[in-house]
Amino acid sequence: MLTPISNEPRDYSWGSTTLIAGLEGRPPTGAPEAEIWYGDHPGCPSRTPDGRTLDVALAEAGRPPLPFLLKLLAAASSLSIQAHPTRDQAREGFAREEGAGVPRDAAERLYRDDNHKPEIIVALSERFRALVGLRPLAETRRLLDALDAPSASGAVAEIRERLGDADTGVDARSALRGTLAWALDEADAATVADLTAALGRADSAEFSDEIAVLRAAAADFPGDPGLIVALLMNLVTLRRGEGLFAPAGVLHAYQSGLGVELMAASDNVMRGGLTPKHVDVPELMRVVDVTPGPAPVVHPRAVGDGVVDYDTPVDDFALSCVSVAPGADARLTLRGPAIALCTRGEVVVSASGHEVALRPGAAVHVADEGVIAVAGSGEIFLAQPGA
């Protein structure tokens with residue numbers, strides 16, 4: 001069964017005014033368009049042609065909720081720094097807040113459900129920037145050296161002292177955990193202003209991109225101690241078709257660009273700065289993964305003519321990209337309910353004698369089908385349950 005689905009863009013302040021409109025081939029509205037949700041998540045469910053929301057349509061058909069949520073995401077400025085819990089942490093946290101009677105729509109509510117929220121984003125723009133994971137300490141020390149010239153900064157010296165000296169054999173995880181907790185719990189406005197000033201006068205060929213991103217964050221979130229957290233994170237620039245996977249506990253904050261995002265169906269977020277929203281430092285420190293390392297970039301893996309998979313170690317979802325040209329149709333085997341989203345050209349998705357034509361930004365929900373065919377000239381991203 002093929003059911004076209006659609007939704008309206010969400011107008012979060014960090015959203016781009018042009019990227020989604022450009023993908024869909026329409027004039028911009030002038031308002032920020034941050035995300036379009038494709039799925040049955042009750043926070044913003046898609047609609048079917050008969051006017052029902054997808055969650056209602058699935059329930060009335062006796063089908064279970066989808067285990068994933070697919071999105072178009074268009075960022076013009078930084079999202080909040082955030083991390084998501086494991087399944088066990090989510091179950092415990094949800095039960096705790098339910099027991100305490102915290103309303104599920106309360107601003108201070110952290111666990112709105114009992115699920116984890118791993119996610120992957122694949123770049124659709126030619127460049128997609130994100131902060132993700134904690135940078136190895138040796139690299140952060142070199143960045144701090146760049147910020148320390150031409151004159152010493154009190155904030156930079158404080159951060160360097162908390163991270164420790166490489167020659168002392170400091171434990172990286174302990175140093176990063178302590179620095180994160182200090183930044184969010186104790187660093188004052190003067191410290192953030194001092195770091196902002198150091199960024200303003202810094203000049204480094206090695207870290208020019210990082211400094212530019214941090215300057216923008218400082219301008220967008222003046223006085224926010226999340227700037228110190230961002231200083232500790234990897235900056236990654238994805239090219240079109242490259243992906244980034246954020247498992248449980250990994251800090252991330254998308255910066256700019258257009259992408260397809262797929263995640264487990266959850267709304268559990270622990271924020272770590274660069275946001276006017278509630279930041280619960282003890283709970284963030286309970287779930288955050290402070291292991292330093294490179295950004296978790298995911299490269300597409302070819303599995304057939306015009307078909308690539310983005311491998312992720314989760315069972316909630318799997319993401320594929322399918323490119324077709326006239327006369328070169330693709331057939332895809334499904335493991336369960338799926339959503340196909342067109343991101344380029346014009347394609348036709350068909351199954352069991354029925355077909356749906358899609359243009360960029362349009363999507364179709366697929367149920368009770370073992371195989372679908374994709375024809376035309378363009379590209380779709382296919383979301384389905386993981387293996």
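**Helix α3 and the salt bridges: a short briefing**

Helix α3 covers residues 87-99, and its 13 residues reach 18 Å from the first C-alpha to the last, close to the 18 Å expected at 1.5 Å a residue. Please keep in mind that this is a predicted model. The points below begin with that helix and then turn to charged pairs, of which R104 with E98 is one.

**Two sides of helix α3**

- Five residues to look for in α3 are Q89, A90, G93, F94 and E97, which are buried.
- Looking down the axis of α3, you would find these buried residues within an arc of 125 degrees, so they line one face of the helix.
- Some background helps here: an α-helix has 3.6 residues a turn, so residues three or four places apart point the same way.
- The buried residues of α3 pack against α10, residues 281-287.
- Turn to the other side of α3 and you meet D88 and G99, which are exposed.
- After the helix comes G101, and the phi of G101 is positive, near 75 degrees.

**Salt bridges**

- As a general idea, side chains of opposite charge can pair when their charged atoms come close.
- The count of salt bridges in this model comes to 26.
- One of them joins R104 to E98, with the closest N and O atoms 2.9 Å apart.
- R104 has 47% relative accessibility, so it counts as partly exposed.
- E98 is also placed in the partly exposed group, because its relative accessibility is 33%.

**A link between distant parts of the chain**

- R173 forms a salt bridge with D289, and their closest N and O atoms are 3.7 Å apart.
- This pair links distant parts of the chain, 116 residues apart: R173 sits in helix α6 (residues 172-185), while D289 lies in the loop between α10 and β11 (297-298).
- With a relative accessible area of 40%, R173 is partly exposed.
- D289 counts as partly exposed too, at 30% relative accessibility.

**One more pair, and a network**

- R301 and D309 form a salt bridge in which the closest N and O atoms are 3.8 Å apart.
- R301 is partly exposed, because its relative accessibility is 41%.
- Finally, E92, R96, E283 and R286 are joined into one network by salt bridges that share partners.

Key:
Residues numbered from 1 in each chain as written. Predicted model: local features only at pLDDT ≥ 70, side-chain atom pairs only at ≥ 80, totals over all residues. Heavy atoms only, no water. Helix = DSSP H or I, 4+ residues; strand = E, 2+ residues; numbered from the N terminus. Expected span 1.5 Å × (residues − 1). Buried < 20%, exposed > 50% of the residue type's maximum accessible area, 1.4 Å probe, protein only. Arc of directions from axis to C-beta. Contact = heavy atoms within 4.5 Å. Salt bridge = Lys/Arg side-chain N within 4 Å of Asp/Glu carboxyl O.
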